[in-house]
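Q: I am new to this one and would love a close look at a single part of it. Could you take me through that part step by step?

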Amino acid sequence: LQEIPVPQKWIGASTAICFDCGYLPGRKDELANYLKNVRLFLFDWGRSELLTPEAYNEMSAADQADRKSFWGDFQMGVLKLWHEVLRLYYQRYTSPEWKMARIRMFDYDSLSSDDMIGQLDVPLEETNGPKEFPVLVPSADFKEKQLYNKLGFGDAINIQVSVTKRTYPKESKFSCAWRLQVLGVNKIPNMDWIKKVMSLEQKKKSDAYVCVTPQQSTSHRTVESSKVGQLPTDRSRCIMNNNHPQWNETFEFCEVKSSTAMTDVLASCELLSDNSPTEEQLMQWFLPQDVAGKDEEEAFKKFCSFYEVFPNPEISSFRLRSKSTTN
């Protein structure tokens, strides 16, 4: 995009990155061999134009300003996409060690924020099959570690989880991977209430899903309080209207060899500049995926400012995600 000589007005255009998911490259293959199976497309130009330098120079000052405005928005959107790709890779593939996995259970609400049902910490040790773990109730930073059966709910809420470890060959950049299979929960409380006619209330079953976040320490600091670090978060599907949800989903988190932890990220960051960012700057740019809003905007501004791609990036000109998840 930087090599296109004049501003373009591409309205409704989309960017697609396509690759052959059935192609397994060799571990020692050159980068060029990878790129043979990757395609980048810009499509849906029904309302767009491909402007030449000659046509641009013949335009009025107002039309040229119009093209500059739309072109800035398009470039900013592509830069945001590149930032998100690096953010995902940095969070998921640069940690040399995971100590535990934090599983948070939520009830989905369409008209308000999702309700926290509870959470638990699972040590990353092989369980040799499914194992039950008690779910803690929501409380301030979960320091009290209260169980549901102590609050009059009845039997404790237990979730079944299986943990296995996968090893990699010596030539791999990864040392191992942890696989967590979240099977299901014995029961959860009703989190939704629907008021019926005649002032009667009827319970509605919960719409539950889980978020799994690996941790580099075994402290009980909540994920929400963490604004830096490599914390990928995966989310299960939502099982609607069910107080005994069974997800049966597997989540995998890799541990990278320390000698290659930042190699790919730094190489990608150097595509726009000869300057190499520090690890502290990477942590400021690529926040955990459940961080959104102003913190996410500030991180992207710092990313743009370092490369001076846009002297005064206006993030308000395009829509940022309100919720960041990886599936």
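How do the residues of the lining of the largest pocket divide into nonpolar, polar and charged?

A: Happy to help! This is a predicted model, so local features need pLDDT of at least 70 and side-chain atom pairs count only at pLDDT 80 or more, while totals for chains, interfaces and linings use all residues. Residues are numbered from 1 along each chain as its sequence is written, and side-chain values use heavy atoms, leaving out hydrogens and water.

The lining of the largest pocket divides into 31 nonpolar, eight polar and eleven charged residues. Here Ala, Val, Leu, Ile, Met, Phe, Trp, Tyr, Cys and Pro count as nonpolar, Asp, Glu, Lys and Arg as charged, and the others, Gly among them, as polar.

Rolling a probe the size of a water molecule over the atoms shows where empty space is left. A pocket is an open set of points on a 1 Å grid over the protein atoms alone, where a 1.4 Å probe fits and protein lies on both sides within 12 Å along at least five of seven lines; lining residues have an atom within 4 Å of a point. The largest pocket holds about 2800 Å³ of space, a volume being the space filled by probe spheres set on the points, which are joined across faces, edges and corners.

Of its 50 lining residues, Leu31, Leu35, Val38, Val85 and Tyr89 lie nearest the centre. At least two residues each come from strand S1 (14-19), helix H1 (31-35), strand S2 (38-43), H3, S12 and helix H4 (263-269). These labels are DSSP runs numbered from the N terminus: helices are H or I with at least four residues, strands E with at least two. H3 gives the largest share of the lining, eleven residues.

Two of these contributors meet at a sheet. Helix H3 (residues 61-93) packs on it, touching S7 and S12, where contact means heavy atoms within 4.5 Å. The direction of H3 makes about 85° with that of S12; axes are lines fitted to C-alpha atoms, for helices over the stretch in contact, and angles run from 0 to 180 degrees between N-to-C directions.

The sheet itself is open, with four strands in the order S5-S6-S7-S12 and antiparallel pairing; two strands pair if DSSP finds at least two bridges between them. Its edges are S5 (131-134) and S12 (246-256), each pairing on one side only. From one strand to the next, the twist averages 30°. Nine bridges join S12 to S7 (residues 174-185), and one of the pairs links alanine 177 with cysteine 254 in S12.
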